[in-house]
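Work through the exercises below with the sequence and the model open side by side. Each task is followed by a solution in steps.

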Amino acid sequence: MDPEEATTSDAPAPSSDPPVIPERTARVDAIVARARVLVEDAGWEALSTRILADDLGIRAPSLYKHLSGKEELRTLLLTDAFIEIGTRCWEAVRSAAVEGEESAVGALLTEYRSSASGSAELYRLATTGPLDRSALPPGLEEWAGTPFFEATGDPVRAQALWAAAHGLAILEVDGRFPPGSDLDAAWQALAHAFEVG
């Protein structure tokens with residue numbers, strides 16, 4: 001979700017609609033949905049095609065009628081994660097602009113944090129380790145990161161905000177803060193530090 005490719009303020013407003021995503025069959029959708037449940041339960045590294053096939057009640061070779069392998073499954077899960085997180089972030093910045101009650105940065109960070117904590121393993125899969133950008137649908141990563149540009153108005157600040165938000169989010173989902181840490185206050189301090197005004 002790199003906001004680096006975000007547009008400048010002189011360009012037309014970017015679309016809050018995700019880019020075109022290749023259609024999937026109903027069977028592939030079902031496989032990906034089940035894989036997501038297994039990933040959320042035990043993590044990506046614990047998932048194998050054999051475990052997934054057993055869970056689906058089929059033989060492992062049957063999965064290859066629908067997917068080329070575990071890496072394609074990973075790309076499909078990443079695509080879903082980028083769409084879900086991006087959609088929530090876009091909705092947050094658009095709602096803040098319309099309602100004017102909360103800063104766009106604060107609204108964005110609230111949704112980003114909620115996305116990370118609500119699907120911790122999917123978030124971890126989408127935001128840590130190497131990323132094969134060429135495997136993702138064109139424009140998806142940029143689209144998912146653009147709300148950070150929308151909230152800050154500057155591509156460098158957008159990247160800095162995303163990096164800080166990711167740092168807080170991953171430390172929170174990993175339980176790395178000392179007991180008694182006021183994480184709500186930490187998120188509020190981050191929002192305050194990046195508010196445009």
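**Exercise 1: two packed helices**

Val28, Val32, Ala35, Arg36 and Val39 in H1 meet Leu73, Leu76, Leu77, Asp80 and Glu84 in H4, where contact means heavy atoms within 4.5 Å. Helices (H or I, at least four residues) are DSSP runs, numbered from the N terminus. The model is predicted: local features need pLDDT of at least 70 and side-chain atom pairs count only at pLDDT 80 or more, while totals for chains, interfaces and linings use all residues. Residues are numbered from 1 along each chain as its sequence is written, and side-chain values use heavy atoms, with hydrogens and water left out.

Task: sort the contact of H1 with H4 by residue class, then describe how the two helices pack.

Solution.
1. By class, the contact of H1 with H4 holds seven nonpolar, three charged and no polar residues. Here Ala, Val, Leu, Ile, Met, Phe, Trp, Tyr, Cys and Pro count as nonpolar, Asp, Glu, Lys and Arg as charged, and the others, Gly among them, as polar.
2. Two packed helices are described by the angle between their axes and the distance between the axes.
3. For H1 (residues 26-42) and H4 (residues 70-99) the angle is about 80 degrees and the axes are 10 Å apart. Axes are lines fitted to C-alpha atoms, for helices over the stretch in contact, and angles run from 0 to 180 degrees between N-to-C directions.
4. H1 and H4 are therefore roughly perpendicular to each other, a term for angles of 65 to 115 degrees.

**Exercise 2: the cover of H6**

Task: state how many residues of H6 are buried, and what covers them.

Solution.
1. Seven of the eight residues of H6 (residues 120-127) are buried, that is, under 20% relative accessible area (1.4 Å probe, protein chains only).
2. The buried residues are Ala120, Leu122, Tyr123, Arg124, Leu125, Ala126 and Thr127.
3. Their cover includes H1, H4, H5 (104-118) and H8 (155-173).
4. Just after H6, glycine 129 has a positive phi of about 75 degrees.

**Exercise 3: aromatic pairs**

Task: find the aromatic pairs and say which parts they tie together.

Solution.
1. Rings of Phe, Tyr and Trp (its six-membered ring) pair if their centres lie within 6.5 Å, and planes over 60 degrees apart count as edge-to-face. The count comes to two aromatic pairs.
2. Tyrosine 112 and tyrosine 123 have ring centres 5.7 Å apart and planes at 85 degrees, so this pair is edge-to-face.
3. Tyrosine 112 is in H5 and tyrosine 123 in H6, so the pair ties together parts 11 residues apart in sequence.
4. Tyrosine 112 also forms an edge-to-face pair with phenylalanine 148, at 5.5 Å centre to centre and 85 degrees between the planes.
5. Phenylalanine 148 lies in H7, so its pair with tyrosine 112 in H5 ties together parts 36 residues apart in sequence.
6. Ring pairs thus link Tyr112, Tyr123 and Phe148 into a cluster. Tyrosine 112 is buried at 0% relative accessible area, tyrosine 123 at 1% and phenylalanine 148 at 0%.

**Exercise 4: a charged residue in H7**

Task: is glutamate 141 buried or exposed, and which side chain does its own side chain contact?

Solution.
1. Glutamate 141 is found in H7 (residues 140-152).
2. With a relative accessible area of 5%, glutamate 141 is buried.
3. Its side chain makes a polar contact with the side chain of arginine 133 (2.6 Å). A polar contact is a pair of N or O atoms within 3.5 Å; within protein, one must be able to donate a hydrogen and the other to accept it, and residues adjacent in sequence count only if both atoms are side-chain atoms.

Definitions and conventions. Angles under 35 degrees count as roughly parallel, over 145 as roughly antiparallel, 65 to 115 as roughly perpendicular and the rest as oblique. Buried means under 20% relative accessible area, exposed over 50%, partly exposed in between (1.4 Å probe, protein chains only). Rings of Phe, Tyr and Trp (its six-membered ring) pair if their centres lie within 6.5 Å; planes under 30 degrees apart count as stacked, over 60 as edge-to-face and the rest as tilted.
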